[in-house]
Amino acid sequence: MRPTVRELGLLMIPVLVAAACAPTYEVAGTTAADSGGSHAPQATAWDRNGEPSDAWEPRNARLEPAPEGDLHEITIRASEIEKEVAPGVEQTVWTYDDLFPGPVFRGKVGDTFRFTLINDGNVGHSIDFHSSKVAPNDEMRTIERGDELIYEFEAKHAGVFMYHCGTDPVLQHTGMGQHGVMIIDPPDLPDVDHEFWLLQHEIYMGSMNEQYDKMEAAAWDAVVFNGYPYQYVHAPLDGIEPDERVRIWLMNNGPSEQTSFHVIGTIFDTVYKEGSYRLHPDRDGPGGAQAIDLPASTGGFVEMTFDVPGVYKFVDHKFANLPKGAVGLMLVGDHDDAAEADDDGH
Ligand SMILES: [Cu+2]
């Protein structure tokens, strides 16, 4: 059973998160008044202080090691489902394997991935792995309901890569949820105590037409990690002790927003972005990074330790996205005292 914020004794945390944000929720610039009376998309009023439904389950953000072997044969199914995307909001989303966002894939340089894509949806779908070098008109072609294709490639480059449906309009297929992350480990990647994956993306709410209107206007209703606003406030990342090394793999799948990922209360000593180390303790120490910036469709990882027990927030430091859901929590060590301190206003 998933832990609730209440069970963890952290009832004040979402309240504090909310208190730090604007008291009323509205996507700026999308009201008729703001846009001079035009038919600009309206924000969906979801309750950011609301609880997920009883049926909701948090997405596991712990990252598993790459599977053994150098050939990965995987079947992936394009699908169209109804899903809870925020407290009180259920809507049609387009997915892979019924996951929003899609499954995480991991391998190493030199591995071969042989995907069989099957379309279970009602409209044409496709898949585009940014980790591959293939003919777009072949492997990335759109297939209709009931059809399938083989998409095979050798992973030649290390990094954190987006995949998404490339069927026209690509903004709609990606924006409705057909996207995910593939991690190709850099050679000699050191072991760490904890690995997590966080995929930042937008959610556009409403009917399919309303969602698409908002995508074109870049008027997202939510900015989230791994599919749900405040997901890891409701179900914090835990099991971390002080001085343990934590690696967070980050991908920004947009489709349109950027991010500046920051963890409040610590400093990154390692930053890997788009195929290379931007900061490495052996080479650059004692240099530190406060954030990693990721425009749409870029990825990397950051590493950090925590000096003392506490409740640590991770955020998109573009603060306009805090009231839209881009906040999570990591619980480090015996954190009760820290939580009480937070209760008093940090
Ligand atoms: Cu699609």
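**Core and sheet organisation of the predicted model**

Of the 346 residues of the protein, 43% count as buried. The structure described here is a predicted model, and its secondary structure comprises 6 helices and 19 strands. Among contacts with a separation of 6 or more, 74% link residues that are 24 or more positions apart.

The largest nonpolar core contains 76 residues, and Val181 and Leu250 have the most contacts inside it. Both domain 1 (12-23 + 192-343) and domain 2 (71-185) give residues to this core, so the core lies between the two domains. In soluble globular proteins, nonpolar side chains tend to be buried together. When neighbours within four places in sequence are left aside, the contacts of Val181 are Val104, Val160, Met162, Trp197, Leu199, Met251 and Gly299.

Strand S8 spans residues 179-185. Because 6 of its 7 residues are buried, S8 is largely enclosed by the rest of the structure. Strand S3 (residues 104-108) runs parallel to S8 and is joined to it by 5 bridges. Within this pairing, Gly107 has Ile184 of S8 as its bridge partner. Strand S7 (residues 159-164) also pairs with S8, in the antiparallel sense and over 6 bridges. Here the bridge partner of Met162 is Val181 in S8; Met162 is also among the contacts of Val181 listed above. Val181 thus appears both in the bridge pairing with Met162 and as one of the two residues with the most contacts inside the largest nonpolar core.

A further element is an open sheet of 4 strands, arranged in the order S2-S1-S4-S6 with mixed pairing. Its edges are formed by strand S2 (89-96) and strand S6 (148-154), each of which pairs on one side only. On average, neighbouring strands of this sheet are turned by 25° against each other, direction ignored. Within the sheet order, S1 is followed by S4. Strand S1 (residues 71-86) and strand S4 (residues 112-119) pair in the parallel sense, and 8 bridges connect them. In this pairing, Arg77 stands opposite Ile118 in S4. In a regular strand the side chains alternate between the two faces of the sheet.

Technical notes. Residues numbered from 1 in each chain as written. Predicted model: local features only at pLDDT ≥ 70, side-chain atom pairs only at ≥ 80, totals over all residues. Core = buried A, V, L, I, M, F, W, Y, C linked by C-beta atoms within 7 Å. Buried ≥ 20, exposed ≤ 12 C-beta atoms within 10 Å, placed from the backbone. Domains from an automatic or database assignment. Contact = placed C-beta atoms within 7 Å. Pairing = 2+ DSSP bridges. Helix = DSSP H or I, 4+ residues; strand = E, 2+ residues; numbered from the N terminus. Axes fitted to C-alpha atoms, helices over the stretch in contact; angles between N-to-C directions.
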